[in-house]
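User: I'm new to this structure and would love a close look at one part of it. Could you walk me through the salt bridges, please?

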Amino acid sequence: MSLQAIARLEELVDQLLTERIEVQERNRQLADECSRLIDDRSRVSEELDRLLGKLERLEGKA
């Protein structure tokens, strides 16, 4: 293999490693966002359940 080919392969490997790091960081950010959304969904669901319970009690009194 020529020195030029080896140098080019090293450049490509460096590029791939850099891109891999960027993709891993993006995946981490997306996983964090997903977790926040799941937490928000759970919080909203619990709040809606409480509100529905209150509405049912109010309807029962009326």
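Analyst: Happy to! Please keep in mind that this is a predicted model. The count comes to 5 salt bridges, and we can look at some of them, including a linked group.

Let's begin with Arg8 and Glu11, whose side chains form a salt bridge with an N to O distance of 3.3 Å. These two residues sit 3 residues apart in helix α1, which covers residues 3–61, so about one helical turn separates them. As for their surroundings, Arg8 is partly exposed, with a relative accessibility of 45%. Glu11 is partly exposed too, at 48%.

Further along, Glu25, Arg28 and Asp32 are joined in a network of salt bridges. Take one link at a time. Glu25 meets Arg28 at 2.5 Å, N to O; the pair lies in helix α1 with a spacing of 3 residues, about one turn of the helix. Arg28 also has a salt bridge with Asp32, here at 2.7 Å, N to O. That second pair belongs to helix α1 as well, but the spacing is 4 residues, again about one turn. Arg28 therefore takes part in both links, one with Glu25 and one with Asp32.

How exposed are the members of this network? Partly exposed means between 20% and 50% relative accessible area. Glu25, with 33% relative accessibility, falls in that class. Arg28 does so at 43%, and Asp32 at 33%.

Technical notes:
Residues are numbered from 1 along each chain as its sequence is written. This is a predicted model: local features need pLDDT of at least 70, side-chain atom pairs count only at pLDDT 80 or more; totals for chains, interfaces and linings use all residues. Side-chain values use heavy atoms; hydrogens and water are left out. A salt bridge is a side-chain nitrogen of Lys or Arg within 4 Å of a carboxyl oxygen of Asp or Glu. Buried means under 20% relative accessible area, exposed over 50%, partly exposed in between (1.4 Å probe, protein chains only).
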